[in-house]
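Open the model in a viewer and keep the sequence panel visible. The stops below go from a sheet to a helix to a chain contact.

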Amino acid sequence: MRSEKGTALVLGVAGQDGAYLARLLLDRGYQVHGVTRAADPAGLSNLVALGIADRVTMHACEIGSTSAMRALVEALRPAEIYNLAAQSSVGLSFGQPAETIDSIVPPTLAVLEAMRGTGLDARFFAAGSGECFGDTGAEPAEEQRPFRPASPYGVAKAAAHWLVATYRAAYGLHASNGVLFSHESPLRPPRFVTAKIVHGARAVAEKRLPMLKLGNLDITRDWGWAEDYVEAMWRMLQADVPQDCVIATGVPSTLEGFAARAFACFGLDWRAHVQCDPSLRRPTDIAVSVGNPARARSALGWQPRVTMPALVDRLVEAALRAPPPAL
Amino acid sequence: MTKCALITGVTGQDGAYLAELLLDKGYVVHGLRRRISTFNTARIDHLYRDPHEEGVKFFLHHADLTDSAGLIRIVMETQPTEIYNMAAQSHVKVSFENPEYTANVDAVGTLRLLEAIRIAGLTNTCRFYQASTSEMYGLVQETPQRETTPFHPRSPYAVAKLYGYWITVNYREAYGMHASNGILFNHEGPTRGETFVTRKISRAVAAITEGKQDTLWLGNLDAKRDWGHARDYVDGIWRILQQPEPDDYVLATGETHSVREFVELAFGHVGRSIVWQGEGVAELGMDKDSGKVLVRVDPRYYRPAEVEFLLGDPTKAQTKLGWKHTTAFPDLVREMVDADLARLRGERHDSPGHASRSAAAD
């Protein structure tokens, strides 16, 4: 089956990455079709925030269902399919492990089976995760690093990753995993720690909150900028040969450093306003998670434009432009 | 205190051997099986007694790894001290055709069982064994494969099993559960499922010997595997759960043999020697004496993505568990061919997949 050139299907279009990717694709002349679980208009706030809510054609589709996915793919014949849909919170995955795998593995399989079954010559981007590596240690993880996931989220993402690799090897599909390390933006919901810190620092500065409670501050992460990462996703599907790529900045930063910078933006000393709450720690937490984007650089010509600590400044600037969210 | 074990997949090859071993050791054994319309209990009929009798220690329950509610209820009712997760859609080739089902049973099913243990409040008292597989090594990253070898799965089965492996590790690390993986290389025996290549060969050799079949059709003759006897392996499985600390272990023979060797030994056992002619799909295996073609290749049996060379290093199991396989490869082949000959001649009735209800007679 021949695909419709310039047609893209984005699963999870209402999330942070989906919204930025949809905007990028629209800017480049694509017809963008989107699927989201968030059916009510409030769930489309990210698309509204980027001013593209009326330019994405939305479809209702139970994406974990192979037959529903196949019907959608047959109807649209997209040239590019991006799967960004997932229960994407690591912390939440301990409490909802079944919901987490259900949101990750069946939709990935459904896209792969739809491509295999229809013979559509589409290209498929699957959003993988740096969480698959577990603790990377000080040496940033590259594509060959063995996985050692440490959360139900990481385990589910690893399974989806291997399904994509298996279908690529077995059926020659143009299917690739982007192994994405943390990437932030003003669209991050406050349940993610970075957004929680930025909004928390602002709330403290505005005297709406006496003290910000955080879990483990010793963790080291590789934080990138979501808009840079969706650019990498698109580039991966423009490559003739499908392959998996780590998408990261390679810059390690501690959560403490993140918090210090955020509070400093408001002229505050974080140590006076942050309280460690052991109940916020995860059953297993990763000490260090850093990726090596060398392949993305050489194979895709991709470079992260926003890195730490400037990334925090951008998040704070954006937060100050927005009305204060409910904490 | 009497030990109480719950075995999922008790009607399968490994589940049945394990049930027998645990009953011999004095356990109360609860076996879970799926409800299906035909009898599939041939492998455990010899262990089963009417629950109304006195002193019965083996109980069967209907359950399914795709049904959380049933799993939680049975775990709560039986309060096991050990759970062995032997249930799976365990056929690699079938997983390419039924990938969704394979993921649901093998991956999510394992998670459902681990969650059932937590929900039942048995996190600190119940030990958990997960049947992991050498297929997770797939495109092998080193040879032989050991516990530290990186995984590279090559089939929906292997991917689903890898999820089961890691979620087991995660529950051990996150909740302190005594949860362990056995990474088992191929293990066969006379009750191996009939679609698996070893059993397919032993059945065909028996049928050809009895004049009921002409040709044995196979896929990749040069696929190499590390084949042990399932009876030996369930002993290793039990030992894993008796360790003070949970851990992951490779169970393997440390030897590798090709499908071709298995064929030669199996025919050799009934007095036929095979000579090979041609290459690839056109390759033939002929009876040296009669010149009759007994073995042919059908590319339909090739896997979409083949796993070429699996060889396990059982050093850790030997050192820490004191476990070693005891059945030599030629003995395994002979036992399987003999069993299939006995079945064909009406001397044995435990062939799985057939509606037989007799006690197994070895």
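Two strands pair if DSSP finds at least two bridges between them; strands (E, at least two residues) and helices (H or I, at least four) are DSSP runs, numbered from the N terminus. This is a predicted model, in which local features need pLDDT of at least 70 and side-chain atom pairs count only at pLDDT 80 or more, while totals for chains, interfaces and linings use all residues. Residues are numbered from 1 along each chain as its sequence is written, and chains are lettered from A in the order in which they are written.

Select A:Thr220 and A:Thr254: the latter, in β12(A), is the bridge partner of the former. Extend to β9 (residues 220-221) of chain A, which pairs with β12(A) in the antiparallel sense over two bridges. Add β14(A) to show an open sheet of three strands, ordered β12-β9-β14, with mixed pairing. β12 (253-254) and β14 (288-289) of chain A are at the edges with a single partner strand each, so one side of each has no neighbour in the sheet.

Next, select helix α5(A), residues 97-118. Its 22 residues should span 32 Å (1.5 Å times one less than the number of residues), which agrees with the 32 Å between its end C-alpha atoms. Of these residues, 16 are buried, so the helix is largely enclosed by the rest of the structure; buried means 20 or more other C-beta atoms within 10 Å of the residue's own, with C-beta atoms placed from the backbone. Just after α5(A), A:Gly119 has a positive phi of about 70°.

Finally, show the contact between chains A and B, with 25 residues from each (C-beta atoms, placed from the backbone, within 7 Å). On the chain B side, α5(B) gives the most, 10 residues.

How values were computed. A residue is buried if 20 or more other C-beta atoms lie within 10 Å of its own, exposed if 12 or fewer, and partly exposed in between; C-beta atoms are placed from the backbone. Two residues are in contact if their C-beta atoms, placed from the backbone, lie within 7 Å.
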